Amino acid sequence: MEEIIRIHQLSKHYAGSERYALKDLSLSIKKNEIFGLLGPNGAGKTTLISTLCGMIKPTSGELRFNGLSYRQNRRKIQQQIGIVPQEYALYPTLTAVENLYYFGSLYGLPSSELKRRISDGLHRVGLTDFAKKPIKTFSGGMQRRVNLLAGILHRPSVLFLDEPTVGVDVHSKEVIMALLHELNAQGTTIIYSSHHLNEAQHFCTKIAIIDAGKIVVEGEPQQLIASVNGATTLENVFIHLTGSQLRDYA
Amino acid sequence: MHKLSVSAYKEVLLLLRDWGGLAILFFMPSVLIITITLIQESTFKAVGESTLPILLVDEDRGEIGRLVAQNLAEAPNVQLITAVDGKPLSQTAASTLVGDGQYQIAIVIPEGLSDELNEKVAHNVDKILGEFALTEADSTKQLQRNEQWDPKEVIIYFDPAAGQAFRNATKNNIEKMLSKVEVEKIYAVFIDQMELEEDPGLLDNEIIAFKETIAQKGNDGIIPNAVQHNVPAWILFGIFFIVVPLGINLVKEKNLGTYIRLRTSPVSYLVILGGKILTYTVICLIQFALMLLIARYVFPLIGLIPFEPGTQLPLMILIAFISGLAAIGLGILIGTIAETQEQSAPFGAIFVIILAALGGVWVPTFIMPEVMQKVSAFSPMNWGISAFYDVILRHGTAADIAQPLSFLLLFFAATLLAAILYDKRHQSN
């Protein structure tokens, strides 16, 4: 498969911090993969995703998207990526349609096309009847579904998901996961970060476990499970590689 | 352009659905401008028009006591009180009544004040006339006696709650009245000593008279009033209060996570800020128009003088527009730096109050201590007020307000640039 993201010797050091958030990290993500980025708290997952989304600049190293360097093509790359943050990144007092219209407009979609996509999207996630209701009146699951729609309206080549199903009811989770599979089937590369290791095991086609700013292991879920003696789940692999001590940090 | 307009439209929607924010932007400044102007106007009226009860304890029972009582009784806006509950006032009773806050002022004329004044005046007149050898030269003996005098003091009791300005004004008036009594006494002694006729035809009026005139450009006869001072000051205060909802707006975006969406979308931060600048500039102008309409049409209904911008309206709009930009720049900077609403809201509000105090919204800068006057020159509200006063009170032209407006524009550019650089630095860190 063709490479869509290439990370080479990427390091990130936050001012005032004693250690590197990312240290000489190299990774290759292929087109159409569902790439799981797993790791304990403070491992560097969020820093890596923020860097890949163009939100923060790396201290050193090289980052390429479809062969384009982030340094010179940030806007062009951002046009091709979508993000679904862990927070409900929506304006609570605006309706679902108003939120989606605003975020979609930032990607330069023509108004009529954008309205059509919003209507289709809301129908797809079962929220047509709630289209004109303020987000603050929505349940957690409904907000998660709108949150996902806001990240995919412009049909990105790469979609970043940060805990997309956290705090979501079973029905909403079903809808979200089905939509993600559908997007992937249509050619969207998905980069998924979560603490739901069971979900990651079944959802991702490839997984990288990151710890202390470095890739600890990388491979297909079943390969990783087979590589550790006595492991039957991804969780066993995770504990084996990252240890069982608490990773509290402030 | 489309991205800018949808950003501005989003800001409008957010504001329209935020009743608290709307209250801060429109209702509070409206209440403020009415309340403050009403209070200040009432204060002027209280000093100038309403009746002030004054307790008088006349322990002198002589000529001065009588003259003071007569002058107070004849004075406009003064109610002379010499007895309470049918009993003549004593010094202790008067002091207690004022101390309890039942009255604001009590004057005690000490015993023997008239005799002392008579002796002093007689001595001085004797001495002067003696120089001209018009009287017997027996003043040497009197002088020795005078040097042993223990001067008697007129005591004025003030309500502890009375402000210093009120106390000074009242004290000055009483001193002026006593001086008049003294002068009358001196004239009387001169007439007596020189054995002139009872009425030598002396001028009764004050010898030096004053005419209060406002120095201003042009000659259209408009005299600035309290409303003309207050309206621009509080318009500006209202405009700068935009810092609070704007700061909260930015912090909310960071906390909600929408900031992540905005920063990962292919739009420059300036476009996102541009939407806010555009919307809040319009808000500032609506706020300005609302305040002007209140000052023009509501003020007369509550007994205040209506504010008439007249031909200066276009320049006032220009000042409001540029002041709005300065306020927006400050709001964006505070919202960019603050991490939480608990930081941005109180800081923004208190900072605006400090800028207002420094800028001369409450106390004119010319009566501030020298150091504070220098500090005041750095307050954007001072630049705005100067521009408004130049236009409204001094009938200034666009050229006259070019300097304060340039400062306000520079302030806007500097705060916006600082916010963008801070955000950029925050990202790269």
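Q: How do strand 9 and strand 10 of chain A pair?
A: In this predicted model, strand 9 (residues 206-211) and strand 10 of chain A pair in the antiparallel sense, over five bridges. Within that pairing, Ile210(A) stands opposite Ile215(A), which belongs to strand 10 of chain A.

Q: And which sheet of chain A has strands 9 and 10 in its order?
A: An open sheet of six strands in chain A, with the order 6-7-8-3-9-10 and mixed pairing. Its edge strands are strand 6 (81-84) and strand 10 (214-219) of chain A, each of which pairs on one side only, and the twist from one strand to the next averages 20 degrees.

Q: Which helix packs on that sheet, and at what angle to strand 6?
A: Helix 5 (residues 140-152) of chain A packs on the sheet and touches strand 6 and strand 7 (158-162) of chain A, with its direction at about 165 degrees to that of strand 6 of chain A.

Q: What about the sheet with the order 2-1-4-5 in chain A?
A: That one is an open sheet formed by four strands, and its pairing is antiparallel. Strand 2 (22-30) and strand 5 (68-69) of chain A are the edge strands, each pairing on one side only.

Q: How many bridges hold strand 5 of chain A to strand 4?
A: Two bridges join strand 4 (residues 60-65) of chain A to strand 5 of chain A, and the two strands run antiparallel; here Arg64(A) stands opposite Ser69(A) of strand 5 of chain A.

Q: Where does helix 1 of chain A lie?
A: Helix 1 (residues 45-52) of chain A lies across strand 1 (3-12), strand 2 and strand 4 of chain A, and runs at about 120 degrees to strand 1 of chain A.

Q: Switching to the contact between the chains, how many residues does each one give?
A: Chain A contributes 27 residues to the contact and chain B contributes 21 residues. On the side of chain A that touches chain B, the elements giving two or more residues are helix 2 (70-79), strand 6 and helix 3 (96-105) of chain A, and helix 3 of chain A gives the most, with four residues.

Q: Now chain B: why is strand 1 described as largely enclosed?
A: Strand 1 (residues 52-58) of chain B is largely enclosed by the rest of the structure because five of its seven residues are buried.

Q: Which strands does strand 1 of chain B pair with?
A: Four bridges join strand 1 of chain B to strand 2 (residues 78-81) of chain B in a parallel arrangement, with Leu52(B) opposite Val78(B) of strand 2 of chain B. Strand 1 of chain B also pairs in the parallel sense with strand 5 (residues 105-109) of chain B, over five bridges, and there Ile54(B) stands opposite Ile105(B).

Q: What unit do strand 1, helix 3 and strand 2 of chain B make?
A: They make a right-handed β-α-β unit, in which the helix covers residues 63-74 of chain B.

Q: How is chain B divided into domains?
A: The domain assignment gives domain 1 (2-43 + 226-428) and domain 2 (52-193) of chain B. The centres of these two domains, taken over C-alpha atoms, are separated by 53 Å.

Q: Where does UniProt place transmembrane regions in chain B?
A: An unreviewed UniProt entry places that feature at residues 21-39, 231-248, 269-295, 315-335, 347-367 and 401-422 of chain B. In the model, residues 269-295 of chain B are 100% helix, with end C-alpha atoms 38 Å apart, while residues 315-335 of chain B are 100% helix with end C-alpha atoms 30 Å apart.

How values were computed
Residues numbered from 1 in each chain as written. Chains lettered and ligands numbered in written order. Predicted model: local features only at pLDDT ≥ 70, side-chain atom pairs only at ≥ 80, totals over all residues. UniProt positions renumbered as here; feature names shortened; annotations may be inferred. Pairing = 2+ DSSP bridges. Axes fitted to C-alpha atoms, helices over the stretch in contact; angles between N-to-C directions. Contact = placed C-beta atoms within 7 Å. Buried ≥ 20, exposed ≤ 12 C-beta atoms within 10 Å, placed from the backbone. Right-handed = clockwise from strand over helix to strand, strands pointing away. Domains from an automatic or database assignment.
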